[in-house]
Amino acid sequence: KNRAVFLAMLASMLNAFSNDRIFTFLPLLLVARGIDAKTIGSFALGFTLGSFAGKMACGRLIDMFGTRKIFIIAGISLTLLLCALLSSGNLVLTVLLALAIGIVTKGTVPVIQTIITEPVQGTQNYEAVFTVNSFGRGITNILTPTLFGGLAALWSMDAVYMLMAVVAALSIVPVMLMGRTQGHSAG
């Protein structure tokens, strides 16, 4: 019923679509690019370290700039980083991109959770909103492996990551619309 809550949940599901399977399919992308399977561990380490750093950094940045701005910046950054990953053939650059991708993917989890709670009025509604959001993200996480696997079989792993990049860019649209909705209702 609440448009702002709906937009926040839509952003959350799009965020899950573009973020949650990056690490899962990354070894396949790297092997398809000819990167030695032995070095994939370096990428995993970079991504994991970036994930930890992202949660800390985004938490601090929220206090300085606000949740929506951080989410929008992270979405744009993820889009650009995924495009850079697709064009990178250098192992060192790929590991650095892994670190940066980890920062913007896992760092946005607390950000989107905060965005979802902003339009909720009354503490009794938090549980319902988080339940519906978790259900939506869960459905997304169930469907994406099949979709991504089929897309990779039809075209390539590059197509999967390009789709993730596009959806990462689209995930910021509902958050931007939230700002307009709340701006109009306040004015």
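In this predicted model, helix 2, spanning residues 22–32, packs against helix 3, spanning residues 40–65, with an angle of about 150° between them and their axes 10 Å apart. Because angles over 145 degrees count as roughly antiparallel, helix 2 is roughly antiparallel to helix 3. The crossing of this pair, helix 2 and helix 3, is right-handed. On the side of helix 2, the contact is built from Ile22, Phe23, Leu26, Pro27, Leu30 and Val31, and helix 3 answers with Ile40, Phe43, Ala44 and Phe47. By class, the contact of helix 2 with helix 3 comprises 10 nonpolar residues, with no polar and no charged ones.

Helix 2 has a further partner in helix 4, which covers residues 67–87. Here the packing angle is about 15°, and the axes of helix 2 and helix 4 lie 13 Å apart. Angles under 35 degrees count as roughly parallel, so helix 2 is roughly parallel to helix 4. The crossing of helix 2 and helix 4 is right-handed. Ile22, Leu26 and Leu29 of helix 2 meet Leu78, Leu82, Leu85 and Leu86 of helix 4. This contact of helix 2 with helix 4 consists of seven nonpolar residues, and polar and charged residues are absent from it. Ile22 and Leu26 thus deserve a second look: they take part in the contact with helix 3 and also in the contact with helix 4.

A third pairing joins helix 1 and helix 6, the latter made of residues 108–117, at an angle of about 165° and with axes 9 Å apart. By the cut-off of 145 degrees for a roughly antiparallel arrangement, this makes helix 1 roughly antiparallel to helix 6. The crossing of helix 1 and helix 6 is left-handed. Helix 1 contributes Ala8, Ala11, Ser12, Asn15 and Asn19 to the contact, while helix 6 supplies Thr108, Ile112, Ile115 and Ile116. The contact of helix 1 with helix 6 is mixed in class, with five nonpolar and four polar residues but no charged ones.

Some of these residues reappear around an internal space. The structure holds one cavity of 30 Å³ or more, and the largest cavity contains about 50 Å³ of space. Its lining is formed by Asn15, Ser18, Asn19, Phe71, Ala74, Gly75, Leu78, Val104, Thr108, Ala168 and Ser171. Helix 1, covering residues 3–19, and helix 4 are the elements that give two or more residues to this lining. Helix 4 gives the most to the lining of the largest cavity, namely four residues. In terms of class, five lining residues of the largest cavity are nonpolar, six are polar and none is charged. Asn15, Asn19 and Thr108 line the largest cavity and also belong to the contact of helix 1 with helix 6. Leu78 likewise lines the largest cavity, and it takes part in the contact of helix 4 with helix 2.

Turning to open space, the largest pocket holds about 190 Å³. Lining it are Lys1, Asn2, Val5, Phe6, Met9, Pro119, Val120, Gln121, Asn125, Ala128 and Val129. The elements giving two or more residues to the lining of this pocket are helix 1 and helix 7, which runs over residues 124–154. The lining of the largest pocket divides into seven nonpolar residues, three polar residues and one charged residue. Helix 1 therefore brings together several parts of this description: it gives two or more residues to the lining of the largest cavity and to that of the largest pocket, and it is roughly antiparallel to helix 6.

Terms used:
Residues are numbered from 1 along each chain as its sequence is written. This is a predicted model: local features need pLDDT of at least 70, side-chain atom pairs count only at pLDDT 80 or more; totals for chains, interfaces and linings use all residues. Side-chain values use heavy atoms; hydrogens and water are left out. On a 1 Å grid over the protein atoms alone, a cavity is a set of points where a 1.4 Å probe fits but cannot get out, and a pocket is an open set with protein on both sides within 12 Å along at least five of seven lines; lining residues have an atom within 4 Å of a point. Grid points are joined across faces, edges and corners, and a volume is the space filled by probe spheres set on the points. Ala, Val, Leu, Ile, Met, Phe, Trp, Tyr, Cys and Pro count as nonpolar, Asp, Glu, Lys and Arg as charged, and the others, Gly among them, as polar. Axes are lines fitted to C-alpha atoms, for helices over the stretch in contact, and angles run from 0 to 180 degrees between N-to-C directions. Angles under 35 degrees count as roughly parallel, over 145 as roughly antiparallel, 65 to 115 as roughly perpendicular and the rest as oblique. A crossing is left-handed if the near helix is turned anticlockwise from the far one by less than a right angle, and right-handed if clockwise. Contact means heavy atoms within 4.5 Å.
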